[in-house]
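Thanks for coming. I will go through one chain this morning, starting with a helix and working outwards from there.

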Amino acid sequence: MPLQKISEFDADYHNTIEGNDIKGMAVYVQGTDEKIGTVSDAVVDDQGAFRYLIVDIGFWIFGKKVLLPVGKSRIDSTANRVYVVGITREQAENLPEYQEHTTLDYDYEEQVRGGYRTPSVESSAALGSTVGRTTPSPDSYTYAHDADLYDVSAHEDQTFKLYQERLVANKQRRKSGEVAISKRVETETARVAVPVEKERVVIERVTSQDTGKVVSGATDFAEGEVAHIDLYEEVADIHKEAFLREEVKVQKVVDKETVEGQETIRREELDVNTDGTRIENKTDRG
């Protein structure tokens, strides 16, 4: 059963697992806020199944890394945390140290498993007694022999959160355009007709009934002006004047319309494979 780091098994594992990278997650003791270390890497078997987390337990023991079987961990990707189940600081001190050159063979794994198989006072009820246990040979051993260490489904009271997406519609106000209103002056030639009057003198020579008769008495002949008449004429007085032609009111009005959008939303459903086992479904939803 060759073991290797997850990046060696799948260089593109970040996209394969589609979640937060396990590396760098903080490690806490289950049920407390006591941080004991950080996940530095993960170990998988030849089928790609998670078997161990490599944990730097520097908060407990400075500079020491150990292997944590996945069955002893609870990964909370929302909080970006890994919770350790059923392990004490004393157990951690007795675990074999993991180093980069450590060979992950059967003998080394047995040393690791032995540290977790030994029940502490706090975890004896969870781990059970190891008295009378027969360790299988390397050729016959499978991880099913230590389901409590490797099978995450072997633990009770597991809680799964099922998530669903929903569409959230909001409105944002943005500038869609602008209107600039200005005035311009246009010119045209206007014509107007104004009747005017002009005075003129008309001299009419007529034959008098006394024409030809001798004028009695002396007659003075004189030179110079004998009559004066003023002549007048009308002149067109054309000028321009401004007047109000029309009023233009500018205002904004709001047109309302309904905009529809669509997106593909996802939701998680729980698939339960009972393998013929009868189960009871309970819900607290009304």
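Before the helix itself, one definition: the expected span of a helix is 1.5 Å times one less than its number of residues. Helix H4 has 12 residues, and from its first C-alpha to its last it reaches 16 Å, close to the 16 Å expected. Please keep in mind that what you see is a predicted model.

Now the surroundings of that helix. Buried here means under 20% relative accessible area. By that cut-off nine of the 12 residues of H4 are buried, so the helix is largely enclosed by the rest of the structure. Among them are Tyr 106, Tyr 108, Val 112 and Tyr 116, and the charged residues Glu 109, Glu 110, Arg 113 and Arg 117 are also on the buried list. Asp 107, which is placed in H4 as well, is exposed, with a relative accessible area of 53%. The C-alpha of Asp 107 is separated by 8.5 Å from that of Pro 138, 31 residues apart along the chain.

Stepping back to the whole chain. There are six helices and seven strands, and read along the sequence they follow the pattern β-α-α-β-β-β-β-β-β-α-α-α-α. Of the 286 residues, 23% count as buried. The accessible surface comes to about 24700 Å², and 47% of that belongs to carbon and sulfur atoms. Among contacts with a separation of 6 or more, 59% are between residues 24 or more positions apart.

Next, the interior. In soluble globular proteins, nonpolar side chains tend to be buried together. Which residues touch the most other members of the largest nonpolar core? They are Leu 53 and Leu 67, in a core of 37 residues. Several elements supply at least two residues each to this core, including strand S2 (26-29), strand S4 (50-56), strand S5 (65-69), helix H4 (106-117) and helix H6 (147-150). The largest share, five residues, comes from S3.

Take Leu 53 as the example. Leaving out residues up to four places away in sequence, Leu 53 touches Ile 22, Val 39, Ala 42, Val 66, Leu 67, Leu 68 and Val 82, among others. Asp 41 and Ser 73 are also on the list of residues that Leu 53 touches.

On to the aromatics. The count comes to five aromatic pairs. Why is the pair of Tyr 52 and Tyr 150 called edge-to-face? The ring centres are 5.5 Å apart and the planes stand at 85°, so the pair falls in that class, for which the planes must be over 60 degrees apart. Tyr 52 lies in strand S4 and Tyr 150 in helix H6, so this pair ties together parts that are 98 residues apart in sequence. Both of these tyrosines are buried. Tyr 150 also pairs edge-to-face with Tyr 143, at 4.5 Å centre to centre and 65° between the planes. Tyr 143 is buried too. Ring pairs link Tyr 52, Tyr 106, Tyr 141, Tyr 143 and Tyr 150 into a cluster, and Tyr 106 you have already met among the buried residues of H4.

One more ring, with a charge. The charged end of Arg 81 sits over the ring of Tyr 28, 3.8 Å from its centre.

Finally, three loop residues. Is Ile 57, in the loop between S4 and S5, buried or exposed? Its relative accessible area is 3%, so Ile 57 is buried. Apart from close sequence neighbours up to four places away, Ile 57 touches Ile 36, Gly 37, Phe 62, Lys 64, Val 66 and Ala 92. Arg 89 is 32 residues from Ile 57 in sequence and 9.5 Å from it in space, C-alpha to C-alpha.

Asn 20 is in the loop between helix H2 (13-17) and S2, and at 41% relative accessibility this residue counts as partly exposed. Beyond its neighbours within four places in sequence, Asn 20 is in contact with Met 25, Ser 77 and Asn 80. The C-alpha atoms of Asn 20 and Asp 76 are separated by 9.8 Å, with their positions 56 residues apart along the chain.

That brings in Asn 80, in the loop between strand S6 (73-76) and S7. Asn 80 is partly exposed, with a relative accessible area of 35%. Its phi is near 60°, a positive value in a residue other than glycine.

Methods: Residues numbered from 1 in each chain as written. Predicted model: local features only at pLDDT ≥ 70, side-chain atom pairs only at ≥ 80, totals over all residues. Heavy atoms only, no water. Core = buried A, V, L, I, M, F, W, Y, C linked by side-chain atoms within 4.5 Å. Buried < 20%, exposed > 50% of the residue type's maximum accessible area, 1.4 Å probe, protein only. Helix = DSSP H or I, 4+ residues; strand = E, 2+ residues; numbered from the N terminus. Contact = heavy atoms within 4.5 Å. Phe/Tyr/Trp six-rings, centres within 6.5 Å; stacked < 30°, edge-to-face > 60°. Lys NZ or Arg CZ within 6 Å of the ring centre and 35° of its normal. Areas by Shrake-Rupley, 256 points an atom, 1.4 Å probe, with all protein chains shown as cover.
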